[in-house]
Amino acid sequence: MTSEQILEGQTLRGTGRLADYSNLVKLPHTVFALPFALVGATLASYRYPVRVADLLWILLAFTSARFAAMAFNRIADRAIDAQNPRTRAREIPSGKLTVRQAGIAVAIAGVLFLTSAAMLNRLCLVLAPLALGWVLLYSYTKRFTRWAHLVLGFALAIAPVGAYLAIAGEWARPAGALLALAGAVLCWVAGFDILYSLQDEEFDRAHGLNSVPAAFGARGAILVSRLLHIACVVLFVATGVLFPQTGVLYYLGVGLITAMLVYEQNLVRPDDLSRIDAAFFNVNGAISLLFFVIVLAERVLA
């Protein structure tokens, strides 16, 4: 089987360094977390002024943190990726980029993230090293826990919380509001990551890697994913209750998310994984973008 035949989904076609670095960090997957970061900023705008400069620093902070995390993951997993038919065409195993090139990119992205946090406010600067450490830690979690999916979910849940803090400079009141939002994103991400990792169930078992599918099998993993997505919907409702500025449009958004999660779960069956790519990218990308658009529209109309 050639590398062309085993390219992962959402791999950008083309040659040159721009395409290599974009694929190294799976640039299209930005659609998952960036809209939720903007949801955090939008919710903060009900009580705090928003400057254009703040939004630009938030975008740079998010982009650089995500770049650092993804590139570091490719470095940490390069030996594993080289053995997996699904991932051996990735940039480092295939020789398109060297470990040194990826490492320099991680260092630059990390500096940009910390600089962006410093330009936002003191609270963001203090928390930035912890956030960066967490998103880098994820790369090693499959070595020692089946619940790495939750660690990834927590990493992406940092985005809306960080954006809120970037605008507000302080924790939300009531305190549970941001925790509910972060919890919803965590459960959403962990749920769809479990579905995506069904592709590697046998590979993970054979190579001593931990995951929910490797531990519980496809049927058990799908059940865990569904429970997480139920929790996600409950927490999105709780977020609306705890952010009283939200209204009818917000709950309409939660209803649409619920319908799309049901659809996503119906795309994947233990004996049929052929539609995982649609469940993983198309549905979840739509969830993230649609929810942000609805939250923003409600804020503009307020």
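Here is a short conversation about reading helices and buried residues in a predicted model.

Trainee: Let's start with H5. What span should its 22 residues have, and what do the end C-alpha atoms say?

Mentor: The idea is to set the expected rise against the model. At 1.5 Å a residue, H5 should span 32 Å, and its end C-alpha atoms are 32 Å apart, so the two agree.

Trainee: Which residues of H5 are buried?

Mentor: Ala 102, Ala 105, Val 106, Ala 109, Gly 110, Phe 113, Ser 116, Ala 117 and Leu 120. They cover an arc of only 140° around the axis, so they sit on the same side of H5. The general idea is that an α-helix has 3.6 residues a turn, so residues three or four places apart point the same way.

Trainee: What is exposed on the other side of H5, then?

Mentor: Arg 100 and Val 111. As for the buried residues of H5, they pack against helix H1 (17–24), H3, H6 and H7.

Trainee: On to H6. Where does it bend, and by about how much?

Mentor: For a bend, find the residue where the axis turns, then look for a proline. H6 bends by about 40° at Ala 128, with Pro 129 following within four residues. Even so, this helix of 16 residues (122–137) reaches 24 Å from its first C-alpha to its last, close to the 22 Å expected.

Trainee: What does a side-chain oxygen of Asn 121 reach at the start of H6?

Mentor: The backbone nitrogen of Leu 123, to within 3.2 Å. Further along, Ala 128, the residue at the bend, is one of the buried residues of H6, together with Cys 124, Ala 131, Leu 132 and Val 135. These pack against helix H3 (52–76), helix H5 (99–120) and helix H7 (148–168).

Trainee: Now an acidic residue in H3: is Asp 54 buried or exposed?

Mentor: Check the relative accessibility, then look for partners. Asp 54 is in helix H3, and it counts as buried because its relative accessibility is 5%, under the 20% cut-off. Its side chain makes a polar contact of 2.8 Å with that of Arg 51. Leaving aside neighbours within four places in sequence, Asp 54 is in contact with Leu 120 and Ile 167. Leu 120 is also one of the buried residues of H5.

Trainee: And in H7, which residues does Tyr 164 touch?

Mentor: Tyr 164 lies in helix H7 and counts as buried, at 2% relative accessibility. Not counting residues up to four places away in sequence, Tyr 164 touches several residues, including Gly 40, Tyr 48, Trp 171 and Phe 243.

Methods: Residues numbered from 1 in each chain as written. Predicted model: local features only at pLDDT ≥ 70, side-chain atom pairs only at ≥ 80, totals over all residues. Heavy atoms only, no water. Helix = DSSP H or I, 4+ residues; strand = E, 2+ residues; numbered from the N terminus. Expected span 1.5 Å × (residues − 1). Bend = angle between axes of the 7 residues up to and from the residue. Buried < 20%, exposed > 50% of the residue type's maximum accessible area, 1.4 Å probe, protein only. Contact = heavy atoms within 4.5 Å. Polar contact = N/O pair within 3.5 Å; in protein donor to acceptor, adjacent residues only side chain to side chain. Arc of directions from axis to C-beta.
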